[in-house]
Amino acid sequence: MSILTIVKMGNPQLASVSSPIENFSTRALYDLIQDMQDTKQEKGGVGIAAPQIGHNKRVIIFGFEYSARYPNEKPVPHTILINPIIEILCDEMVDGWEGCLSVPGLRGLVPRYKKIKYSGYDPEGSPISRIVEGFHARSVQHECDHLDGVLFPERIKEFRYFGYEDELKLAMPELANIPIKKYIEVKE
Ligand code: NI
């Protein structure tokens with residue numbers, strides 16, 4: 001299919017609530033998924049949501065064996081998830097660095113729920129349900145936010161920990177995995 005242009009922050013499509021998929025196993029759905037996969041792979045993303053390629057539909061794709069964008073994170077299984085729902089299993093939140101193909105060049109420290117259950121459907125309409133933690137849980141929360149018109153900068157609590165990747169990497173080479181305490185030590 002096609003590698004499409006990623007819609008960037010500022011475009012109203014990324015601030016809109018997407019509508020659910022009502023019919024599974026359709027040519028239109030398979031085409032959308034293929035375009036998302038091709039674009040995600042080309043851009044080296046760990047996940048992508050349909051609004052990022054200009055379709056306000058509740059479809060997300062995530063997963064990787066190794067990511068150059070997040071070199072210290074453990075693999076996440078490749079998953080296509082339609083009409084996803086998140087259930088928070090524990091109130092604890094953890095800080096972690098995030099970027100987004102729609103916010104190129106920037107990273108921010110974002111609190112996310114540590115443990116969640118997510119459910120939804122595959123392209124044929126079969127149910128998917130998993131209990132996950134860590135970066136897997138973070139990825140799903142990030143992608144689901146896209147379906148409700150929310151981008152990661154809106155989740156940042158301390159804007160001191162938001163900046164350009166190249167500058168942040170100079171301050172801390174292992175950007176993706178540095179806990180906030182260590183970051184504070186490095187900066188102060
Ligand atoms: Ni994103």
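**Exercise 1. Find how much accessible surface the chain has, and what share of this surface belongs to carbon and sulfur atoms.**

Solution. In this predicted model, the accessible surface of the chain comes to about 9700 Å². Of that surface, 50% belongs to carbon and sulfur atoms. Turning from the surface to the residues, one finds that the chain has 188 of them, and that buried residues make up 47%.

**Exercise 2. State how confident the predictor is in the chain, and describe the stretch 178-188.**

Solution. Begin with the chain as a whole, where the mean pLDDT is 90 and 90% of the residues reach 70 or more. Then turn to residues 178-188, over which the pLDDT is below 50, although this stretch has 17 contacts in the model beyond near neighbours in sequence.

**Exercise 3. Describe the order of helices and strands, and how far apart in sequence the contacting residues are.**

Solution. Count the elements to begin with: the chain holds four helices and eight strands. Reading from the N terminus, their order is α-β-β-β-β-β-β-β-α-β-α-α. Next, consider the contacts with a separation of 6 or more, of which 65% are between residues 24 or more positions apart.

**Exercise 4. Identify the protein donors of the nickel ion, and decide whether Cys-100 and His-146 are buried or exposed.**

Solution. The protein donors are Cys-100 through SG, His-142 through NE2 and His-146 through NE2, and they lie 2.1 to 2.3 Å from the nickel ion. Along the sequence, these donor residues follow the spacing C-x41-H-x3-H. Cys-100 sits in the loop between strand E4 (93-98) and strand E5 (106-113), while His-146 belongs to helix H2 (residues 134-147), so that the pair, 46 residues apart, links distant parts of the chain. For the last step, recall that buried means under 20% relative accessible area. Cys-100 counts as buried because its relative accessibility is 5%, and His-146 is buried too, with a relative accessible area of 1%.

**Exercise 5. Work out where Pro-84 and Glu-165 lie, and which residues each contacts.**

Solution. Pro-84 lies in strand E3 (residues 76-88), and with a relative accessible area of 10% this residue is buried. Leaving aside neighbours within four places in sequence, the contacts of Pro-84 include Arg-58, Ile-60, Cys-144 and Leu-147. Pro-84 is also 7.3 Å from Tyr-121, C-alpha to C-alpha, although the two are 37 residues apart in sequence. Glu-165, in turn, lies in helix H3 (residues 165-171) and is buried at a relative accessible area of 17%. With neighbours within four places in sequence again left aside, Glu-165 is in contact with Arg-69, Gly-105, Leu-106 and Arg-107.

Notes. Residues numbered from 1 in each chain as written. Predicted model: local features only at pLDDT ≥ 70, side-chain atom pairs only at ≥ 80, totals over all residues. Heavy atoms only, no water. Donors = N, O, S within 2.8 Å, 3.2 Å for Na, K, Ca; no water. Helix = DSSP H or I, 4+ residues; strand = E, 2+ residues; numbered from the N terminus. Buried < 20%, exposed > 50% of the residue type's maximum accessible area, 1.4 Å probe, protein only. pLDDT = per-residue confidence, 0-100. Contact = heavy atoms within 4.5 Å. Areas by Shrake-Rupley, 256 points an atom, 1.4 Å probe, with all protein chains shown as cover.
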